Amino acid sequence: MPETTRSLVGAWAVTGGMAICAALGLLAVYCLLIAMARRLTARRDIAHKFLDDCAYAGGTVVFLLTLQTVWQAHTTALLPWIQVVRHLTGLCLILALTWAAMRATSAIGDVVVGMNPAVEGRHHTARKLETQARFISRGLSVLIAIIGVAAALMTFPSIRQLGTSLLASAGIGGLILGFAARPVIGNLFAGLQIALSQPFRIEDVLKVEGNWCWVEDITTTYVVLRAWDMRRIIVPLQWFIENPFENWTRDTTNLFAPVLIWLDYRMPIEPIRNEFQRLLDTDGAWDGKVGHTQVVDANEHAMQVRFLLSAGDSITLWHFRCRVREAMLDFIQREYPQYLPTVRARLKDNDSASGLF
């Protein structure tokens, strides 16, 4: 082996050994600090989770930053390939910083949600903060990822020159790109508007195009709705800005709804009104706000009786209505079976026909 090659290999071995030892040493100190912080926050679940989410990304940044510092201390004259190693390490460092920033942003969103649990009496505030924290953290993560990838690509001279050339035609290119990305951009702005104005929140009960569902998740471009039969409905954010929908838990979860029964005209109203009131008083689902018995419709065959009732939330109300409907039908079948709806017809003798015989 020539003397020059031997000295070059020796210089790289010494420099690489120094860099690895320094990086591992600082990484060990970092791990020790993280372990101490975990011990201090053992009884604080939120801080403990934040450390768990960011620890690995932070360790990677510390390791690569130490390597880059060592490489920067050496010149090209001593190590001919040091520039390439610096570039690769810098590229990895940019990606590691991007990863760490995204993990920290996501962890901050989780901390905000964890600090505001949905306890009794604070459901609306907790869901409002969760919706805002989730959307903002995810939007920032997307922005950080774009900036990180762009910064990594700009480390290549050829791409940097290409970017400079494209800057001259940015006007036309921006229009074309904006038109092509109009749905994505529209959903991003719609998500920002939803996060700020709060037309609905996570776990709100919505009725969307006839589907009764809960808001399960809100991303930067679409909303995941969980239907009552556990189906998942994916709706773009822009749809909620442009179309009407029902929010059954916007300000309060209390709702009221009718139970409709058709009965014969001869059915007395007072007995079924008293039975309905007895059902309300004995059923714990009734919130005491709405409870009425009214005849709301009539046709040539029967009359329609409406039992209007209320409950604390939509699920409780649905089951409450089913119980009341079953109980009222059972009461009428047991006490007044003759007053169930009947079809009346009048029979007439055909005198002219009978006279033929």
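## A guided tour from Tyr339 to Ser137

Select Tyr339 to begin: leaving out residues up to four places away in sequence, it touches Leu263, Asp264, Arg266, Met267 and Pro268. The model on display is a predicted one. Tyr339 belongs to the loop between α10 and α11, the latter spanning residues 351-354. Add Ala302 to the selection; 37 residues separate Ala302 from Tyr339 along the chain, and their C-alpha atoms are 9.7 Å apart.

**The whole chain**

Zoom out and colour by secondary structure. The protein chain holds eleven helices and eight strands. Of its 357 residues, 32% count as buried. Now display the contacts between residues at least 6 apart in sequence: 66% of them join residues at least 24 apart. With the surface switched on, the protein chain exposes about 21,900 Å², of which carbon and sulfur atoms supply 65%.

**Helix α10**

Next, select residues 314-335, which form helix α10. How far apart are the end C-alpha atoms of α10, and does 31 Å or some other value follow from 1.5 Å a residue? The 22 residues should span 32 Å, and the end C-alpha atoms are 31 Å apart, so the expected and modelled lengths agree.

Show the side chains of Ser314, Leu317, Phe320, Arg321, Val324, Met328, Phe331 and Ile332, the buried residues of α10. Looking down the axis of α10, one finds these buried residues within an arc of 105°, so they line one face of the helix. An α-helix has 3.6 residues a turn, so residues three or four places apart point the same way.

To see what covers that face, add the surrounding elements. The cover of the buried residues of α10 includes the strands β1 (205-208), β2 (211-218), β6 (255-263), β7 (286-298) and β8 (303-311), together with helix α9 (269-282).

Then move to the N-terminal end of α10, where Asp313 acts as the cap: one of its side-chain oxygens lies 3.2 Å from the backbone nitrogen of Ile315.

**Strands β7 and β8**

Two of the covering elements, β7 and β8, merit a separate view. They pair in the antiparallel sense over eight bridges. A hairpin of four residues joins β7 to β8. Select Val295 and look across to β8, where Val305 stands opposite.

**Two residues with positive phi**

Most residues other than glycine have a negative phi. Two selections depart from that pattern.

- Glu209 lies in the loop between β1 and β2. Its phi is near 50°, a positive value in a residue other than glycine. Is Glu209 buried or exposed? Glu209 has a relative accessible area of 66% and is exposed, since the threshold for that class is over 50%.
- Met230 is placed in the loop between β3 (222-227) and β4 (232-236). Its phi is near 75°, again positive in a residue other than glycine. Met230 is likewise exposed, with a relative accessible area of 52%.

**Ser137 in helix α4**

For the last stop, select Ser137, found in helix α4, residues 123-153. Why does Ser137 count as buried? Its relative accessibility is 11%, and buried means under 20%, so Ser137 falls in that class. Which residues is Ser137 in contact with, leaving aside its neighbours within four places in sequence? They are Thr105 and Gly109.

Methods. Residues numbered from 1 in each chain as written. Predicted model: local features only at pLDDT ≥ 70, side-chain atom pairs only at ≥ 80, totals over all residues. Heavy atoms only, no water. Expected span 1.5 Å × (residues − 1). Buried < 20%, exposed > 50% of the residue type's maximum accessible area, 1.4 Å probe, protein only. Arc of directions from axis to C-beta. Contact = heavy atoms within 4.5 Å. Polar contact = N/O pair within 3.5 Å; in protein donor to acceptor, adjacent residues only side chain to side chain. Areas by Shrake-Rupley, 256 points an atom, 1.4 Å probe, with all protein chains shown as cover. Pairing = 2+ DSSP bridges.
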